[in-house]
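Please look over the sequence and the structure below before reading on. The notes after it are meant for a reader who has not met this structure before.

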Amino acid sequence: MLLEVEDLCVNYGHIEAIRNISFSVAEGEITTLIGANGAGKTTTLKTISGLRKVREGKVVFDGTDITHLPPYARVKMGISQSPEGRGCFPGMTVRENLDMGAFVRRDRKSAAYREDIERVFQLFPRLQERFNQSAGTMSGGEQQMLAIGRALMARPRLVLLDEPSMGLAPRLIQQIFSIITEINQQGTTVLLVEQNAAQALRRAHQAHVLETGEIVRSGTGAELSGDESVKAAYLGGDL
Amino acid sequence: MSGTVPASARASRRGRPLQIPLPAFLRSRQTRLVMIVVGLVLAYALPIIRPPFLTTTDSDFGGVMVGAASYALVAVGLNIVIGYAGLLDLGYVGFYATGAYTTGVLTSQHAHWPFFLALPVAIAVTMVSGVLLGGPAIRVRGDYLAIVTLGFGEIISIAARNSSWLGAAAGIKDIPPPPSIGPNPIIQADAGLFQIPHLTWNGLVPSVDNLHKTPFLTFGVIDAIPYYWLILTVIVLVLVADMLIKDSRVGRAWEATREDEDAAELMGVPTFRYKLLAFALGAAIGGLAGSMLAAGQGGFISPDSFLLPLSMLFVASVLIGGAGNRWGALLGGVLVAYLPERFRGLSDWRLLIFGLSLMLIVTFRPQGLVPPRRTKRALRVQAEIEELEGEGVDV
């Protein structure tokens, strides 16, 4: 397992945001956490990337306990996150944002670096068109693409995607999910947090349902897509 | 000032495409270089030229220029802390005092080191004090940081006032000036390697004023201009260092941290370390400026030289100029020091006018006179975003 989360508890003050969460992410797969607003999805991701302090439990990445490592150390180990919403640096251009994504790398002049930029442009041709535009002036969808592309620039082994489809037009949602599949097929392990359960379950190898800070169901994407209670709660029921 | 010419060059270079395009020869690298050199020469020559209107009539122009240059130097240092790293430091005067007192102690009060030996020690001591204060202080954010630093600024001057080792309320006197080049007799008429006559103006017609000459290069008690040249030289060096740092990995890390601290962490930026670095570098420049003050024309410092309002003026310099833009900070520092002196003829009214003009500037140009390109971008963007989306918080 590339990432293992064991009995994780995280608090905001006295409020328990997540309780005793355990799950794992297998190398080369897409794992998704689905659930409603406030279920603890974003908190889980932020805890894995190190932005939130752990009250109890462990986060293990590739056999190393990273529970108490600062975020930047985790990036160096190969965990990269695309934050929720507009997580780009609004005053920086697309190019500068992508460069920031590669902050931990020391090979900015190398061919490998240019290849990675090219790869991001292949995934998101839009970004190439907007190369010198400042991120803040782009549309929500473009910013989302930039945030994902930026996360890839660190050459992560595991990329954490927080609600990549949030606020996007339906046509763009399709597109961004197929890009996520493509990223995965190129060899990057993906942990995806989504409210768009139908799409997420279709793309994911493994899936977990979060409700009020706890995992209530787990299975393969296909299994959960067929699960009656998941259908009723997240897929629009039998309408 | 050295800053204004390159600043305008930059401003026009980064102009939006719709603005009147500059002729090609003005955009070339060589032209920019020539303009910077011309600006520098003008900046050095300014107190000799004594241009009409700009020259202060009620106080010694050379002395005013020393003040303006000192503020500019301080503002460039504080700009690293406030403008680049986004840390509101209201106690910058504490570092200014630390640098000045270290110099005073080493060259006059308890030892008799030469100035250029004491200077690096003063910078180092201030830098360490920056790390010691910054370490705990920048763990708190925003207003809290401002309050902690405010306290630090006060503590330094109160501690100096109550420490007889530091000369208590009487301060430290007889701090030697920097070493002169050429002879430096008490009567300055024959001082220096050679003497540079000033200009005098009859309306707009200049003539050479052979009665007033500035010796090159002696640091005496009569002529302030050599001190101005020294500080100006230091400013140039600091600006070069500032440009190199800002364009490096460090500068990008500061920028990311300021725009979105969490996102910066997610990019692998150890934000705490970079903020501490900004704090320490800013402190070092503050200490450098303080050291120049101590070894300045009067050779005298006291706790009264480092009162809290000075801190506020330093912050005002940075904000008026445009936090995040070194040329803005430079301009802001010059204005804050120069304007009250220029209008000294209005006696007590000048402070009222000064205060009002500061208020006008922050009301009508909250981003500063010369805001950095990114501030302009970000302001525009922020307005758009606030319009587009409501307040949504997802846990």
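The report below takes up a sheet, the helices that pack on it, and then one further helix.

## The sheet in chain A

In this predicted model, chain A holds an open sheet of six strands, which follow one another in the order β6-β7-β8-β3-β9-β10 with mixed pairing. Because β6 (79–82) and β10 (214–220) of chain A stand at the edges and have a single partner strand each, one side of each is left without a neighbour in the sheet. From one strand to the next, the twist averages 15°.

At one of these edges, strand β9 (residues 206–211) of chain A runs antiparallel to β10(A), and six bridges join the two. Within this pairing, A:L210 has A:I215 of β10(A) as its bridge partner.

## Helices on the sheet

Helix α6(A) lies across β6 and β7 (158–162) of chain A, and its direction runs at about 170° to β6(A). Helix α7 (residues 170–185) of chain A also packs on the sheet, where it touches β3 (30–35), β7 and β8 (189–194) of chain A, and its direction makes about 155° with that of β8(A).

## A mostly covered helix

Helix α3 (residues 94–101) of chain A is mostly covered, with seven of its eight residues buried. These buried residues are A:V94, A:E96, A:N97, A:L98, A:D99, A:M100 and A:G101.

Which elements do the buried residues of α3(A) pack against? Their partners in chain A are α4 (111–123), α5 (125–129) and α6 (140–152), and they are joined by α9 (249–259) of chain B.

Key:
Residues numbered from 1 in each chain as written. Chains lettered and ligands numbered in written order. Predicted model: local features only at pLDDT ≥ 70, side-chain atom pairs only at ≥ 80, totals over all residues. Buried ≥ 20, exposed ≤ 12 C-beta atoms within 10 Å, placed from the backbone. Helix = DSSP H or I, 4+ residues; strand = E, 2+ residues; numbered from the N terminus. Contact = placed C-beta atoms within 7 Å. Pairing = 2+ DSSP bridges. Axes fitted to C-alpha atoms, helices over the stretch in contact; angles between N-to-C directions.
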